[in-house]
Amino acid sequence: MEKKFMGFSWSLVVVFLFIMILIAKSKSVDAITCQEALLSLMPCRPFLTGGESTPVATCCSAVANINSAATTTAIRKDLCRCLEAASRSEGVDPDKANQLPQLCGVTVAISFDPTINCDTIK
């Protein structure tokens, strides 16, 4: 007979703990997800789609935060692909996307340009 822990078999408890460790490790490796980046960039949408002439402060804060979270080449490439896809679906003006980091005073390691080849990101 298999020993039980709080009514569950030990093997089930071990599998559950293993899965929880994997989830915790994957979250600590990826500094920011695509969804998190896109949500934080929502204040930039009016500027990027041509509705505003300058980005608002919350937009610039998001740009800086995303840039600081892009700590590895893999993360930068993933964010690039994420932003590229979202830019196409949201009608982002490439010129505005190129201007965004400079207008925010942020030197970025990732590109906000929807026309960039993400494979060239380092």
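The questions and answers below go through confidence, disulfides and one helix of a predicted model.

Residues are numbered from 1 along each chain as its sequence is written. In this predicted model local features need pLDDT of at least 70, side-chain atom pairs count only at pLDDT 80 or more, and totals for chains, interfaces and linings use all residues.

Me: In which helix is confidence lowest?
Reply: pLDDT is the predictor's confidence in each residue, from 0 to 100, and the protein averages 80. Helices are DSSP runs (H or I, at least four residues), numbered from the N terminus. Confidence is highest in α3, at 95, and lowest, at a mean of 45, in helix α1 (residues 10–29).

Me: How many contacts beyond four places in sequence does the model have for residues 20–29?
Reply: Where pLDDT is low, predicted coordinates should not be read in detail. Over residues 20–29 the pLDDT stays under 50. Contact means heavy atoms within 4.5 Å, and beyond four places in sequence the model has for this stretch 1 contact.

Me: Which pattern do the disulfides of the protein follow?
Reply: A disulfide is counted when a pair of cysteine sulfur atoms lies within 2.5 Å. The structure holds 4 disulfides. With bonded cysteines counted along the chain, their pattern is 1-6, 2-3, 4-7, 5-8.

Me: Is C82, the partner of C34, buried or exposed?
Reply: The sulfur atoms of C34 and C82 are 2.0 Å apart, forming a disulfide. This pair links helix α2 (residues 34–40) to helix α5 (residues 73–90). Buried means under 20% relative accessible area, exposed over 50%, and partly exposed in between (1.4 Å probe, protein chains only). C34 counts as partly exposed at 36%, whereas C82, at 7%, is buried.

Me: How many residues apart are C60 and C104?
Reply: A disulfide joins C60 to C104, S to S 2.1 Å. Both cysteines, C60 and C104, are buried. C60 is in helix α4 and C104 in helix α6, and their separation along the chain is 44 residues.

Me: Why are the buried residues of α6 on the same side?
Reply: The buried residues of helix α6 (residues 94–104) are K96, A97, L100, P101 and C104. They lie on the same side because they cover an arc, taken from the directions from the helix axis to the C-beta atoms, of only 140°.

Me: Which exposed residues does the other face of α6 carry?
Reply: The buried residues of α6 pack against α3 (45–48) and α4 (57–69). The face turned away from the buried side carries the exposed residues D95 and Q102.

Key:
Side-chain values use heavy atoms; hydrogens and water are left out. Helices (H or I, at least four residues) and strands (E, at least two) are DSSP runs, numbered from the N terminus.
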